[in-house]
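Please open the model in a viewer with side chains available for selection. The tour below proceeds from stop to stop, stating what to select and what is found there.

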Amino acid sequence: MSSFLMVILFSLVVFLVAQAEITVECGKNSMSVRWIEANSQVDPSLLRLGGCPPTQVSVKPQGSEAVFYAEFGACDIRRMVTINEIVFETEITSTTLSKTAPIYYPVACKYERPEDWTPPLYDPLMFHTHGQGELSFRLALMKDDFSAVATTTTFPLGSTIPIAASFDQKTHQPLILLLDECVASSTPELGPDSQIYPLITNKGCLVDSKKTKSSFLPRNQLSEIRLSLQAFKFAIGEDVYLHCRLVAWDPRDLDGSNKACQYDRKSSRWVLTDDPSQSSLCSCCDTNCQGRKKREITDSSTLTSVLEPLVVEN
């Protein structure tokens, strides 16, 4: 890295965003970022620099702090080369939604580009572009602690079925993963004669939570969503296929047609999993949530996936 690193245009930048103060220190081949917020509106452990969690977190009465250290080439840091500069850029995001809006603050280190500089051969960083790239979706049965893929596909009636859906963020703009629709079926392909059991309908409403203990689980990151299903009385002893429509969406543009809602039977109301203060987005779950607005391909991507067959035993 030092072979082309000549002049640092800025090595220390301090700027204020809302209630937070962010300090960026640019080194020869790495960056150090410090997030300080006086009013502690954000859990600092939920912040991410690119794809990396904080290396140090502290929460005190006077405020919260998160410190990140990342080498260029890690943590989804992108390199952009212009005529005059070499720029290493990423962003600070939150893995869950705040009470107002998802956190998204760009950070960058800029260096003067030597006249004779050429990119190293086969360096994958040279191919990174912001806001572009196909998304790779995954949907899998998991172990109870979500530490790995499940080793069994047989579940007793009433037990918990852990399911995780995720996608590779890669170089795409930050997106949030949603389960738009999920149904259980006795066939690997849905057809007119398929027997189905609805789990998630109406653009992200977990309708099964109205009568069972099924629920969404707290997120670890925006690109993943976890679902705990209570094994249901449907085609008992036979193969059951889960058909789910996955949606990756701009987290700044959630509305009634882009959401993850579940029913809280204690309060008898629908709750937005990622931010209960915005549960009004779930008010259409018992009626008809409007269709998704047309957006550019860089704002969303969808995939219909079929989970490997599982068996519910009585």
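Strands here are DSSP runs of at least two residues, numbered from the N terminus, and two of them pair if DSSP finds at least two bridges between them. The model is a predicted one.

**Stop 1: strands 2, 3 and 6**

Select residues 20-26 and 30-37, which are strand 2 and strand 3. These two strands run antiparallel and are joined by seven bridges. The connection from strand 2 to strand 3 is a hairpin of three residues. Within this pairing, display V24, whose bridge partner in strand 3 is V33.

Keep strand 3 selected and add strand 6, residues 63-71. Strand 3 also pairs with strand 6, again in the antiparallel sense, over eight bridges. Here W35 should be displayed together with A66, its bridge partner in strand 6.

**Stop 2: a stacked pair of rings**

Six aromatic pairs are found in a search of the whole structure. Select F72 and F88 to see one of them: the ring centres are 4.0 Å apart and the planes meet at 5°, under the 30 degrees that counts as stacked. F72 sits in the loop between strand 6 and strand 7 (78-81), whereas F88 belongs to strand 8 (residues 85-94), so this pair links parts of the chain 16 residues apart. Are these two residues buried or exposed? F72 is buried, at a relative accessible area of 8%, and F88 is likewise buried, at 0%. Adding Y111 to the selection completes a cluster, as ring pairs link it with F72 and F88.

**Stop 3: a tilted pair of rings**

Move next to F137 and F167, an aromatic pair with 5.9 Å from centre to centre and 45° between the planes, which is a tilted arrangement. Because F137 lies in strand 10 (residues 137-141) and F167 in strand 12 (residues 160-167), the pair ties together parts that are 30 residues apart in sequence. Both are buried: F137 has a relative accessible area of 14%, and F167 one of 2%.

**Stop 4: the charges around R78**

Seven salt bridges are found across the whole structure. Which residues share partners with R78 in one network? Select E89 and E91, which salt bridges join with R78. Between E89 and R78 the N to O distance is 3.9 Å; E89 is in strand 8 and R78 in strand 7, eleven residues apart. Between R78 and E91 the closest N and O atoms are 2.9 Å apart. Since E91 also lies in strand 8, this second bridge ties together parts 13 residues apart in sequence. The accessibility of the three residues can be read in turn: R78 is buried at 7%, E91 is buried at 8%, and E89 is partly exposed at 22%.

**Stop 5: K210, a ring and a carboxylate**

Finally, select K210, Y263 and D286. K210 lies over the face of Y263, at 4.8 Å from the ring centre. The side chain of K210 also meets that of D286 in a salt bridge, with 3.3 Å from N to O. The two bridge partners are 76 residues apart: K210 is in the loop between strand 15 (205-206) and strand 16 (215-217), and D286 is in the loop between strand 20 (269-272) and strand 21 (300-306). K210 itself counts as partly exposed, at 36% relative accessibility.

Key. Residues are numbered from 1 along each chain as its sequence is written. This is a predicted model: local features need pLDDT of at least 70, side-chain atom pairs count only at pLDDT 80 or more; totals for chains, interfaces and linings use all residues. Side-chain values use heavy atoms; hydrogens and water are left out. Rings of Phe, Tyr and Trp (its six-membered ring) pair if their centres lie within 6.5 Å; planes under 30 degrees apart count as stacked, over 60 as edge-to-face and the rest as tilted. Helices (H or I, at least four residues) and strands (E, at least two) are DSSP runs, numbered from the N terminus. Buried means under 20% relative accessible area, exposed over 50%, partly exposed in between (1.4 Å probe, protein chains only). A charge sits over a ring if NZ of Lys or CZ of Arg is within 6 Å of the ring centre and within 35 degrees of the ring normal. A salt bridge is a side-chain nitrogen of Lys or Arg within 4 Å of a carboxyl oxygen of Asp or Glu.
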